[in-house]
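User: I'm new to reading protein structures and would like a close look at a single part. Could you take one chain and walk me through how it is put together?

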Amino acid sequence: MRPLPGFNLHRPTSLGEALELMGALKSVKPIAGGTDLLPLMRDRAITVEDIVDIRGLHELKGITVEDGTLRIGALTTLTEVLESPLVAEKASVLREAVGHIGSVQTRNQGTLAGNICNASPAADSAPALMVIGAQARVSSARGVRRVPVEELFAGPKMNSLGKDELVTEILIPELPSGSGAAFEKLGRRRGITLAVVNAAAYLAMDGKKCVDARIALGAIAATPIRLPEVEAAYKGRELTPEAIEESSRACYSLVNPVDDVRASADYRREMACVLVKRAIVKAHARAGGGQ
Amino acid sequence: MMVDFVLNGRAVSCDAPANILLLDLLRSELGVLSVKRGCEQGECGACTVLLGGRPVNSCMILAARVEGRSVTTIEGLRDEPIMVALRKAFMEGGAVQCGFCTPGMLISAYALLRDNPSPTPHEAKTAIEGNICRCTGYALPLEAILKAAEMTPAE
Ligand code: FES
Ligand code: FES
């Protein structure tokens, strides 16, 4: 057993107090579930002097809908996301993706906001949140801003937040009727595993015509990515099986994955095409299938 | 720092430095040895306990953060009808070999049957996906969980 390095643990009871601490302390990290942070600390992959426990911040709890926007507080666990009727109704693609994260134990402890802030390129919730236009509400003593989820990713395991900033909630806009989204993951096995590639697609249809398309891929680059070229190819088109096949093949040359222990670059490229195609087909059916 | 929490239904109060994990507090300070130290990476589930009634890996939790919460291990579930049924089914079904994964697996199975008295085989599999077993190959533990579900009197 290798003990964790020492640090000071702060337990603020209000958001204001937490933000003040984050602003004042030099080497500081917030902790919610801790399932990503603690292994990194144990491996000395990161060192911090101060940890701010945000569990006492009641304003960060709960899932609500306000003016059509689904708001998921930063302390919401992955299990709570999975079990939420509001998420099932308004953002079923997120539910689909979260079901793939970790084990029961990890989902009971880890949070959705943490899955994003940890900024793993393979984070399963990321592509799903990206295609439905999710944003993070980010607070610091300096003020509040909204950041699209894709912009929270700066590099592998690096988020774009200032050290004094805290994600307080994830905001998901209302999706129009006639739209649908889907998530697909390929791992080396079915249970608890990091993605070799994961993908999500969102389509909005007007009759047979696709009026909006968003596609995101994870575990394929330093951060999860959108595929604007493929998205553009879908827009304004009728999504025949041939059109879907052709444009999902285009992913092959658009991505530039790495070889690693989980898969070779070439395999990832092939699988990116397959997963995008599967996600598009499913999203298309959910959007009404062009009827 | 002092942590006050409820362990197996009893209030406890201990002094825990900030960097001590719940796993270590339970094993070294409180003598709860059913909670096993496996990977210490949140991967194997040998250290599973109920926190607020939900299975979590105690190696992924700072002890100081269970302040005010309730922690349950198999010691605290000894006489619970669901646990009695699980124990019987595990023993009679040969679902235990070396036994290292067993306490954690029983906690996960207990939480499953408490919330879902007649799980499907798939639901049972999902419930123990975070409990790695190097001996049994999972078939017998899964069978035992489903057997225990049949044995537990519906409330
Ligand atoms: S020892 Fe905690 S999950 Fe393995
Ligand atoms: S019985 Fe040996 S690890 Fe499961």
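Analyst: Here is a walk through chain B, followed by a short look at some paired strands in chain A.

Keep in mind as you read that this is a predicted model. Let's start with the parts list: chain B has five helices and five strands. Now follow the chain from start to end, and those pieces come in the order β-β-α-β-β-β-α-α-α-α. In that pattern, the run closes with four α in a row.

Next, the overall form. Lay a box along the principal axes, and the C-alpha atoms of chain B fill roughly 45 × 35 × 20 Å. How does the radius of gyration fit with a compact globule? For 155 residues, such a globule would come out near 15 Å, and chain B has 15 Å, so the two agree.

What about inside and outside? Of the 155 residues in chain B, 52% count as buried. The chain exposes about 6900 Å², and 53% of that is supplied by carbon and sulfur atoms. You can also ask which parts of the sequence meet. Take the contacts in chain B between residues at least 6 apart in sequence: 57% of them join residues at least 24 apart.

Now zoom in on the cysteines. In general, a disulfide is a covalent bond between the sulfur atoms of two cysteines. How many are there here? With a cut-off of 2.5 Å between the sulfurs, the count over all chains is zero. Cys14(B) shows you how that plays out: the nearest cysteine sulfur belongs to Cys47(B) and is 17 Å away, so Cys14(B) is in no disulfide under the 2.5 Å cut-off. Is Cys14(B) buried or exposed? Buried means under 20% relative accessibility, so Cys14(B), at 9%, counts as buried. Cys44(B) has 14% relative accessibility, so this residue counts as buried too.

Finally, hop over to chain A to see strands pairing up. Strand β4(A), residues 63-66, runs antiparallel to strand β5(A), residues 69-73, and four bridges join them. Together β4(A) and β5(A) make a hairpin with two residues between them. In that turn, Asp67(A) has a positive phi of about 50 degrees. Strand β5(A) is also joined by four bridges to β10(A), residues 166-172, again in an antiparallel way. A good residue to click on is Arg71(A) in β5(A), which stands opposite Thr64(A). Arg71(A) also stands opposite Leu171(A) in β10(A).

Conventions
Residues are numbered from 1 along each chain as its sequence is written. Chains are lettered from A and ligands numbered from 1 in the order in which they are written. This is a predicted model: local features need pLDDT of at least 70, side-chain atom pairs count only at pLDDT 80 or more; totals for chains, interfaces and linings use all residues. Side-chain values use heavy atoms; hydrogens and water are left out. Two strands pair if DSSP finds at least two bridges between them. Buried means under 20% relative accessible area, exposed over 50%, partly exposed in between (1.4 Å probe, protein chains only). The radius of gyration is taken over C-alpha atoms; the globule rule is 2.2 Å times the number of residues to the power 0.38. Contact means heavy atoms within 4.5 Å. Accessible areas come from the Shrake-Rupley method with a 1.4 Å probe; for residues, only the protein chains shown count as cover.
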